[in-house]
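User: Got a minute to go through this model with me? I'd like to start with the empty space inside.

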Amino acid sequence: MVLAFYPGANSAQVEDQVTKKLEQYLFQFEEVRKEKTFSTTRDGAVIINVELEESVKNPDIFWSKLRHEMLLAKTLDLPQGVRGPIVNSDFGDTEALVIGIVSDKADYSQLKNYTQKLEDGIRTIKAVSKIKRIGEQKEQITVTSNSEKLVQYGVKLPQVVKVLQSQNAINATGDVKTNDSKVPLYTSGYYNTENQIASQIVGTSNTGAVIRLGDVATVSRIFQEPTSKTTVDGHKAMMLAVEMHEGNNIVQFGEQVGKKIEEVSKLLPSDVKLTTIINQPKIVDENISHFIHEFFLAIISVVIVVILLLPLRIAAVAAMAIPMTVAVTFALLHTFGIELHQVSLAALIVVLGMVVDDAIVIADNYVELLDEGVERWEAAWRSASDLVVPVLTATITIIAAFMPMVILTGSVGEFIFALPITVTIALAASFIVAMILTPLLCYTFIKKGLHDHSEKPSDKKERISMLDRMQNGYNRAIAWCMKHPKFTISGSILSIALSGVLFLFIKQKFFPAAERNQFVVEVWMPTGTKLDKTEKAILKVEDLVKNDKRVSTFATFTGTSAPRFYYNFSPEVPVSNYAQILVNTTDDKTAEELADELSKKWTDLFRMEILR
């Protein structure tokens with residue numbers, strides 16, 4: 001995001017003198033994706049959202065080059081008075097937590113002090129990165145007078161301004177030199193209170209009497225005219241947005257911040273409430289817990305199927321490959337820097353059924369060798385060595401099916417990169433376990449084959465297992481297919497063609513919609529609308545939200561927007577005609593239902609307002 005400010009210029013002047021010139025510099029770079037880059041010009045400001053081509057591997061190098069180019073543009077082409085341009089490449093950073101400091105009784109200076117205490121406590125956590133304050137109101141000292149009073153005392157306004165500027169300085173006014181050191185001296189002209197400013201001598205009258213600033217003006221401490229306002233659940237609030245350093249466990253990070261919040265809350269007045277508006281650690285914990293639950297269900301399901309279809313001894317040996325493969329996979333993922341998240345866990349669930357295949361093949365071959373009369377130790381090493389080529393070929397074939405995902409670029413490539421790598425590591429680990437551990441387990445726990453030829457034939461009818469029945473049915477199906485090759489090949493081709501036709505009618509989406517218990521309401525007023533007018537509009541929406549029992553918490557941002565708390569959520573640049581409500585509901589389904597239900601009410605509400 002490239003921002004530039006041109007105070008006093010209207011949107012047409014900014015567009016002609018700033019925006020077009022910046023775009024000329026931007027579009028000379030082949031890395032810039034022109035069809036996705038767009039600018040927004042307002043009175044006194046321009047915001048350019050720059051998107052790079054997917055072929056750019058290291059954006060940070062380009063951002064550094066762009067910053068240099070923007071400095072050159074300011075020096076050579078931009079008119080005087082332009083502030084910036086500023087290149088904000090941290091625009092995509094996401095917040096881990098957003099905490100509201102809420103109190104209707106405290107004024108903004110007190111809220112600032114409470115926020116500072118919480119900030120100081122959280123900053124001691126090692127994993128904390130950036131901490132931003134949202135909703136802070138700046139204080140200022142206002143000196144108010146009128147020309148009649150100044151004339152009455154014979155004091156001129158420039159004279160007053162000059163005195164105040166000269167006195168309110170922290171520069172050393174001299175120094176004392178000794179043989180050993182040089183000590184700076186400071187005047188006591190730095191103001192600490194409003195009374196000191198009011199007591200400042202600004203001149204003398206015709207009679208020689210001293211004239212102080214308080215004689216000709218009123219000095220007061222007030223808050224600046226706000227450029228933005230924030231509330232939590234309809235109450236006055238400030239917020240802290242907390243980011244986490246990469247490479248840390250966000251769930252543990254959330255627990256550490258939670259402890260600090262509890263410690264600080266004990267030091268605050270009873271009317272001050274700390275509310276977590278955005279809690280990424282909690283959401284991640286719930287999602288990861290859900291995936292872990294699904295993961296273990298998948299493991300149990302595979303083990304049950306193996307036990308049902310194979311003799312118990314063979315099933316036990318084959319099932320042992322799953323925990324060993326998972327353990328090796330986790331170790332290798334850590335070695336290669338792949339974090340445990342939704343994509344890597346999903347890859348493990350996808351590949352879990354394949355992980356046990358190698359072990360089943362090796363164990364089955366071991367039993368076959370025992371049935372042929374081969375000694376146990378020879379059967380153990382031959383069970384792996386005889387099948388190393390076909391098992392390795394099958395493993396590489398499956399890996400090759402996933403590896404094209406590695407070449408994907410852009411944001412999709414960043415997200416999906418962990419999937420093929422995790423699949424590759426898991427299948428490679430399963431191959432190693434099958435080749436080394438499974439033969440040893442077979443030798444230790446399986447003493448004889450399924451058909452002991454040393455026993456005398458019995459008149460008892462041999463029991464046919466479920467696996468034998470499935471094998472017999474499979475053999476008959478294969479035999480029929482081999483007898484009717486034309487029908488078999490035609491059926492295969494037809495099924496492939498049918499799948500291609502059906503593919504055209506299936507909606508395509510690379511990632512599913514995010515299931516979150518949050519939604520955002522945005523209100524745009526006409527350009528130039530004052531903050532108070534925008535606030536009145538967003539309060540009408542707030543009234544509909546705050547009384548709904550399905551809403552757990554909500555935060556209102558007037559003149560600004562919520563910080564980026566999710567990868568595809570783009571915060572708006574602060575502007576007086578924009579407002580936003582972030583709503584948290586009891587669950588993700590409720591969020592979707594409530595958003596759909598209330599959208600019509602909001603539409604009707606503002607349509608009525610426009611008609612009125």
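User: How much space lies in the largest cavity?
Analyst: About 30 Å³. This is a predicted model, where local features need pLDDT of at least 70 and side-chain atom pairs count only at pLDDT 80 or more, while totals for chains, interfaces and linings use all residues. Residues are numbered from 1 along each chain as its sequence is written, and side-chain values use heavy atoms, with hydrogens and water left out.

User: What counts as a cavity?
Analyst: On a 1 Å grid over the protein atoms alone, a cavity is a set of points where a 1.4 Å probe fits but cannot get out. Grid points are joined across faces, edges and corners, and the volume is the space filled by probe spheres set on the points.

User: How many of 30 Å³ or more are there?
Analyst: The count comes to one.

User: Which residues line it?
Analyst: The lining of the largest cavity is Thr-325, Val-326, Thr-329, Leu-348, Val-351, Leu-352, Val-355 and Ala-426; a lining residue has an atom within 4 Å of a point. Helix H12 (342-371) gives the most, with four residues, and H11 also gives two or more. Helices here are DSSP runs of H or I with at least four residues, strands are E runs of at least two, and both are numbered from the N terminus.

User: And the chemistry of that lining?
Analyst: Six nonpolar, two polar and no charged. Ala, Val, Leu, Ile, Met, Phe, Trp, Tyr, Cys and Pro count as nonpolar, Asp, Glu, Lys and Arg as charged, and the others, Gly among them, as polar.

User: Phe-330 caught my eye. Where is its place?
Analyst: Phe-330 is in helix H11 (residues 321-335). Leaving aside neighbours within four places in sequence, Phe-330 is in contact (heavy atoms within 4.5 Å) with Leu-340 and Leu-348. Phe-330 and Ala-426 are 96 residues apart in sequence and 8.7 Å apart in space, C-alpha to C-alpha.

User: Is Phe-330 buried or exposed?
Analyst: Partly exposed, with a relative accessible area of 32%. Buried means under 20%, exposed over 50%, and partly exposed in between, using a 1.4 Å probe and protein chains only.

User: OK, pockets now. How much space lies in the second largest one?
Analyst: About 1500 Å³. A pocket is an open set of points with protein on both sides within 12 Å along at least five of seven lines. Of the 50 residues lining the second largest pocket, the closest to its centre are Gly-559, Thr-560, Val-573, Pro-574 and Val-575. Strand S6 (128-134) gives the most to that lining, with three residues. The lining divides into 18 nonpolar, 16 polar and 16 charged.

User: Switching to strands. In what order do the four in the open sheet come?
Analyst: S2-S3-S1-S4, with antiparallel pairing; two strands pair if DSSP finds at least two bridges between them. S2 (38-42) and S4 (83-87) stand at the edges with a single partner strand each, so one side of each has no neighbour in the sheet.

User: How many bridges join S2 to S3?
Analyst: Five, with S3 covering residues 45-49. Arg-42 stands opposite Ala-45 in S3.

User: Which residues does a cis peptide bond join?
Analyst: Gly-84 and Pro-85, with omega about 0 degrees. Pro-85 lies in strand S4.

User: Last one: what is phi of Asp-233 near?
Analyst: Near 55 degrees, a positive value in a residue other than glycine. Asp-233 sits in the loop between strand S13 (229-232) and strand S14 (235-244), and Asp-233 is partly exposed at 23% relative accessible area.
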